[in-house]
Amino acid sequence: MDESLARWLRLREAADAHARSETLMHRVADTLAGRTPLRLLDLGAGTGSNIRYLAPRLPRPQQWLAVDRSAALLTELRERTIHLHVDIEARQTDLGTLDPSIFTGRHLVTASALIDLVSDSWLRSLAGHCRSAGASTLFTITYNGRSACDPVEPEDDWVRELLNRHQKRDKGLGGPAAGPDAVASAERVFAEAGYQVERAPSDWRLGPADAQMQRVLVDGWAEAAAEMMPESAAAISGWRARRFAHVDAGRSHIMVGHDDLAAWLQ
Ligand SMILES: C[S@@+](CC[C@H](N)C(=O)[O-])C[C@H]1O[C@@H](n2cnc3c(N)ncnc32)[C@H](O)[C@@H]1O
């Protein structure tokens with residue numbers, strides 16, 4: 001499980017970095033000027049993709065706390081962030097219930113590809129902890145329920161609807177996941193907590209050069225759709241085979257909708 005997740009995170013890292021909103025990153029960086037050392041918290045850090053993106057772009061010195069439930073991913077994070085020459089504590093933590101102490105003294109709380117997995121009440125609790133710490137926040141690459149495939153297949157919309165319902169299943173982070181509604185929910189709860197909030201698109205636009213990533217993506221969508229509707233497994237499998245054929249022929253383009261969200265205190 002951890003190995004296949006690690007492979008997926010390696011595969012998507014360049015697409016994530018390319019898709020992220022530089023504007024929002026700079027907005028947040030401006031709020032961090034003069035914080036020395038800069039203390040940062042990366043939630044659901046995985047193998048450290050978010051830290052590899054942000055560390056070279058934010059003021060130094062930096063002290064990171066990277067938390068994730070997976071010890072294996074955190075081991076890879078330690079190995080693959082040494083070259084950044086910033087101070088990183090990688091701590092194995094289950095974020096199902098948020099421990100207030102991880103927020104204490106943090107200037108930035110950030111997460112990448114996480115907040116669509118969490119519940120509304122988890123987001124409310126997150127906003128409260130960030131507010132108490134006076135932290136700025138940056139949540140990137142949150143799936144927003146939109147996608148488009150070219151060439152089109154007749155089942156594309158149906159599979160996406162099944163996937164979006166699957167995204168709302170409980171992922172162990174405070175109850176049924178916000179899924180495609182996560183950015184809107186986060187926008188609301190951070191604004192209610194007194195934050196200035198801004199969002200920007202961070203869509204993936206995958207082409208023939210991203211063939212392997214497209215295959216894994218389509219496979220994951222098909223698996224989720226079949227879990228939602230096992231009686232349609234054969235139809236879903238047929239859809240996957242046709243999408244794979246487009247990828248193999250070098251003619252497949254897939255857009256996956258994401259949003260970045262930044263929030264800071266005035
Ligand atoms: C989609 S991955 C994103 C990883 C990384 N932020 C990135 O962008 O590459 C979601 C991460 O959340 C972690 N995660 C999921 N549920 C968790 C939980 N209950 N407690 C801690 N980490 C969790 C997973 O182990 C995984 O590393």
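The exercises below work through the overall build, the nonpolar cores and the ligand surroundings of a predicted model.

**Exercise 1.** Describe the build of the chain, and explain why the chain counts as compact.

*Solution.* Begin with the secondary structure, which consists of 9 helices and 8 strands. Next, compare the radius of gyration of the chain, 19 Å, with the 18 Å that the globule rule gives for 266 residues; the two values are close, so the chain is as compact as a globular protein of that length. Along its principal axes, the C-alpha trace spans about 55 × 40 × 35 Å. Finally, look at the contacts with a separation of 6 or more, of which 81% are accounted for by residues 24 or more positions apart.

**Exercise 2.** Find the largest nonpolar core and state which helix gives the largest share of it.

*Solution.* Of the 266 residues of the chain, 42% count as buried. The largest nonpolar core has 52 residues, and those with the most contacts inside it are Ala 66, Ile 115, Val 118, Leu 123 and Ala 186. Helix 5, which covers residues 120-133, supplies the largest share of this core with 6 residues. Apart from this core lies another, of 17 residues, with Leu 162, Trp 204, Leu 217 and Val 218 among them. Returning to Ala 66, and leaving aside its neighbours within four places in sequence, one finds that its contacts include Asp 42, Ile 51, Leu 77 and Ala 90.

**Exercise 3.** Characterise the residues around the ligand.

*Solution.* There are 19 residues around the ligand, and those that come nearest are Gly 44, Gly 46, Ser 49, Arg 69 and Ser 112. Sorted by class, this shell has 8 nonpolar, 8 polar and 3 charged residues.

Key:
Residues numbered from 1 in each chain as written. Predicted model: local features only at pLDDT ≥ 70, side-chain atom pairs only at ≥ 80, totals over all residues. Near = placed C-beta within 6 Å. Nonpolar A, V, L, I, M, F, W, Y, C, P; charged D, E, K, R; others polar. Core = buried A, V, L, I, M, F, W, Y, C linked by C-beta atoms within 7 Å. Buried ≥ 20, exposed ≤ 12 C-beta atoms within 10 Å, placed from the backbone. Helix = DSSP H or I, 4+ residues; strand = E, 2+ residues; numbered from the N terminus. Contact = placed C-beta atoms within 7 Å. Rg over C-alpha atoms; globule rule 2.2 N^0.38 Å.
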